Amino acid sequence: QSQFEILINGQRCTPAADLTDLSLFPGIARAVQHQCSAGSVRDGYNQIHIRQLPGEPEQKIAWLELRIMPR
């Protein structure tokens, strides 16, 4: 149930529903998803900051994947 704050290049991303099909990720208990505006990503290197919000047991981030979907 833990919640996370995710920023890309200083712009906040919006929480989305957790990924329900975890069959491609053995050993992973949860896949959190966030939506970020297209304008938050830039050419070259990008800074991604993830912070777990207080109030729930600490979770370990095992994988970070950035998926870019054209409109």
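Me: Why is S40 called buried?

Reply: Happy to walk through it. In this predicted model, S40 has a relative accessible area of 4%. Buried means under 20%, and 4% falls under that cut-off, so S40 counts as buried.

Me: Where does S40 lie, and what does S40 touch?

Reply: S40 lies in the loop between β4 and β5. Leaving aside residues up to four places away in sequence, S40 touches I8, N9, Q11 and N46.

Me: What makes the pair S40 and S37 a polar contact?

Reply: The side chain of S40 reaches the backbone oxygen of S37 at 2.6 Å. A polar contact calls for N or O atoms within 3.5 Å, and 2.6 Å satisfies that limit, so the pair qualifies.

Me: N9 came up among the residues that S40 touches. What is notable about the phi of N9?

Reply: Its phi is positive, about 50°, although N9 is not a glycine. Most residues other than glycine have a negative phi. As for its place, N9 lies in the loop between β1 and β2.

Me: Now for the other end of the scale. Why does P54 count as exposed?

Reply: The relative accessibility of P54 is 74%. Exposed means over 50%, and 74% is over that value, so P54 is classed as exposed. P54 sits in the segment after β5. In sequence P54 and S2 are 52 residues apart, while their C-alpha atoms are 8.2 Å apart in space.

Me: And what makes G27 exposed?

Reply: The reasoning has a familiar form. G27 has 84% relative accessibility, and the cut-off for exposed is over 50%, so G27 counts as exposed. You will find G27 in the loop between β3 and β4. G27 and A62 are 35 residues apart in sequence and 9.9 Å apart from C-alpha to C-alpha.

Me: How many residues does the protein chain have, and what percentage of them is buried?

Reply: The protein chain has 71 residues, and buried residues make up 15% of them. Along the principal axes, its C-alpha atoms fill a box of roughly 35 × 30 × 20 Å.

Me: How do you know that the pattern of the protein chain is β-β-β-β-β?

Reply: The chain has five strands and zero helices, and reading along the sequence gives β-β-β-β-β. Among contacts between residues at least 6 apart in sequence, 61% join residues at least 24 apart.

Me: Let's look at the largest pocket. What lines it?

Reply: Its lining has 33 residues, and V32, Q33, H34, E65 and L66 lie nearest the centre. The volume of the largest pocket is about 1400 Å³. By class, the lining has 22 nonpolar, six polar and five charged residues.

Me: Which strands supply at least two residues each of that lining?

Reply: They are β1 (4-8), β3 (14-19), β4 (31-35) and β5 (48-52). The largest share, five residues, comes from β4.

Me: What is the confidence in this prediction, and which element has the lowest mean pLDDT?

Reply: The chain averages a pLDDT of 89, and 97% of the residues score at least 70. Among the elements, β4 has the lowest mean, 92, while strand β2 (residues 11-12) has the highest, 96. So that you can place these values, pLDDT runs from 0 to 100.

Terms used:
Residues are numbered from 1 along each chain as its sequence is written. This is a predicted model: local features need pLDDT of at least 70, side-chain atom pairs count only at pLDDT 80 or more; totals for chains, interfaces and linings use all residues. Side-chain values use heavy atoms; hydrogens and water are left out. On a 1 Å grid over the protein atoms alone, a cavity is a set of points where a 1.4 Å probe fits but cannot get out, and a pocket is an open set with protein on both sides within 12 Å along at least five of seven lines; lining residues have an atom within 4 Å of a point. Grid points are joined across faces, edges and corners, and a volume is the space filled by probe spheres set on the points. Helices (H or I, at least four residues) and strands (E, at least two) are DSSP runs, numbered from the N terminus. Ala, Val, Leu, Ile, Met, Phe, Trp, Tyr, Cys and Pro count as nonpolar, Asp, Glu, Lys and Arg as charged, and the others, Gly among them, as polar. Buried means under 20% relative accessible area, exposed over 50%, partly exposed in between (1.4 Å probe, protein chains only). A polar contact is a pair of N or O atoms within 3.5 Å; within protein, one must be able to donate a hydrogen and the other to accept it, and residues adjacent in sequence count only if both atoms are side-chain atoms. Contact means heavy atoms within 4.5 Å.
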